[in-house]
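Q: Could you take me through this structure feature by feature, giving the general idea in each case and then the example in front of us?

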Amino acid sequence: MPESPPSARAIDDGAAGLLALTDWRRRMAELYRQTREVHDSEPAWVAWREARDELFRTHDASPIPPDRRAAYVQTPFFAYDPAARVRATVGEAVQAPLEIVGSHGSFRATRFAVAGFEIHGSRCSLDLFWLDGYAGGLFLPFRDATCDASSYGAGRYLLDTVKGADLGMENRQLVLDFNFAFNPSCAYDPRWACPLTPPGSRLDVAIEAGERRPV
């Protein structure tokens with residue numbers, strides 16, 4: 001299986017681009033660390049959004065193209081929904097290697113478990129993936145009934161530990177807070193290389209929480 005580069009755009013920008021991408025991931029990981037330490041999740045979500053928007057406007061590795069950053073104000077989100085924060089029970093699954101189609105090439109991954117949870121009265125499940133590149137990483141993308149309408153059509157990310165996007169565990173369950181769902185970078189600039197949501201990660205319910213379709 002071919003393996004895509006971490007970012008076509010960052011590689012195009014040479015050493016400076018890859019170092020900027022490294023710093024971006026470092027800063028995002030710190031934002032999620034701070035979020036995990038705050039028990040009241042709405043203020044944590046507000047702080048996360050504000051810090052993230054500042055990076056979108058100013059950082060060299062921002063997914064916003066450079067010629068649009070000066071005018072960029074705020075990333076569109078659904079209103080905060082406390083019921084969109086759930087805890088998932090992780091169940092074993094037969095490990096299945098697969099190739100996740102991406103915006104550039106494909107990404108090797110292994111489906112290793114299933115996260116089961118209830119949201120807005122519906123029982124749901126999503127596949128959990130482990131990215132097979134060096135050091136790996138937990139990856140949980142999803143599509144829902146808002147896709148192609150009010151949210152990005154190719155799906156959103158909920159957890160991506162390669163980028164530090166990790167809300168941790170509570171009582172041996174995985175924290176899934178859809179208020180923190182975010183678009184892949186390729187939603188803003190097609191030069192970014194991003195894995196897209198595979199078929200096993202699609203929900204029939206509408207999750208009106210997290211990042212909306214880019215404007």
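The dialogue below takes up aromatic pairs, helix packing, burial and backbone angles in turn.

Q: Before we begin, what kind of model is this?
A: This is a predicted model.

Q: How many aromatic pairs are there, and what makes two rings a pair?
A: Two rings count as a pair if their centres lie within 6.5 Å, and by this rule the count comes to 13 aromatic pairs. Take W24 and F56, whose ring centres are 5.8 Å apart and whose planes stand at 40 degrees, so this pair is tilted. W24 belongs to helix α2 (residues 14–36) and F56 to helix α3 (residues 41–58), so the pair ties together parts that are 32 residues apart in sequence. Both W24 and F56 are buried.

Q: Which kind of pair do Y157 and F182 form, and which parts does it tie together?
A: Planes over 60 degrees apart count as edge-to-face. The rings of Y157 and F182 have their planes at 80 degrees and their centres 5.6 Å apart, so the pair is edge-to-face. Because Y157 lies in strand β5 (residues 156–160) and F182 in the segment after β7 (173–177), the pair ties together parts that are 25 residues apart in sequence. Y157 is buried, with a relative accessible area of 2%, and F182, at 8% relative accessibility, counts as buried too.

Q: Which residues form an aromatic cluster, and where does a charge sit over a ring?
A: One aromatic cluster is formed by Y32, W45, W48, F77, Y80 and F180. As for a charge over a ring, the charged end of R212 sits over the ring of F78, at 4.4 Å from the centre of that ring.

Q: At what angle do α2 and α3 pack, and how should I read that angle?
A: The angle between two helices is taken between their N-to-C directions, and a value over 145 degrees counts as roughly antiparallel. For α2 and α3 the packing angle is about 170 degrees, with the axes 9 Å apart, and the two helices are therefore roughly antiparallel to each other. On the α2 side the contact is made by W24, R27, M28, L31, Y32 and T35, and on the α3 side by A44, W48, A51, R52, L55 and F56. By class, this contact of α2 with α3 has 9 nonpolar, 1 polar and 2 charged residues.

Q: Is a residue in a loop such as Y72 buried or exposed?
A: The place in the chain and the accessibility are read separately here, and a residue counts as buried under 20% relative accessible area. Y72 has its place in the loop between α4 (66–69) and β1 (85–101), and at 12% relative accessibility Y72 counts as buried. Setting aside residues up to four places away in sequence, Y72 touches D53, F56, R57, I64 and Y188.

T75 is found in the loop between α4 and β1 as well, and at 0% relative accessibility T75 counts as buried. Leaving aside neighbours within four places in sequence, T75 is in contact with R49, R52, D53, F56, Y188 and E211. The C-alpha atoms of T75 and R213 are separated by 9.3 Å, although these residues are 138 residues apart along the chain.

Q: Where is G155 found, and what does it touch?
A: G155 is found in the loop between β4 (138–142) and β5, and G155 is buried, with a relative accessible area of 1%. Not counting residues up to four places away in sequence, G155 touches F142, R143, C147, P184 and T197. G155 and F182 are 27 residues apart in sequence and 8.9 Å apart in space, C-alpha to C-alpha.

Q: Which loop holds Y134, and is Y134 buried or exposed?
A: The loop between β3 and β4 holds Y134, and Y134 is exposed, with a relative accessible area of 85%. The C-alpha atoms of Y134 and A187 are separated by 25 Å, with these positions 53 residues apart along the chain taken as the sequence distance.

Q: What is phi for H120 and for D148, and where are these residues found?
A: Phi of H120 is near 50 degrees, a positive value in a residue other than glycine. H120 is found in the loop between β2 (106–119) and β3 (122–131), and at 48% relative accessibility H120 counts as partly exposed. Phi of D148 is near 70 degrees, again positive in a residue other than glycine. D148 is found in the loop between β4 and β5, and D148 is exposed, with a relative accessible area of 56%.

Terms used
Residues numbered from 1 in each chain as written. Predicted model: local features only at pLDDT ≥ 70, side-chain atom pairs only at ≥ 80, totals over all residues. Heavy atoms only, no water. Phe/Tyr/Trp six-rings, centres within 6.5 Å; stacked < 30°, edge-to-face > 60°. Helix = DSSP H or I, 4+ residues; strand = E, 2+ residues; numbered from the N terminus. Buried < 20%, exposed > 50% of the residue type's maximum accessible area, 1.4 Å probe, protein only. Lys NZ or Arg CZ within 6 Å of the ring centre and 35° of its normal. Axes fitted to C-alpha atoms, helices over the stretch in contact; angles between N-to-C directions. Parallel < 35°, antiparallel > 145°, perpendicular 65-115°, else oblique. Contact = heavy atoms within 4.5 Å. Nonpolar A, V, L, I, M, F, W, Y, C, P; charged D, E, K, R; others polar.
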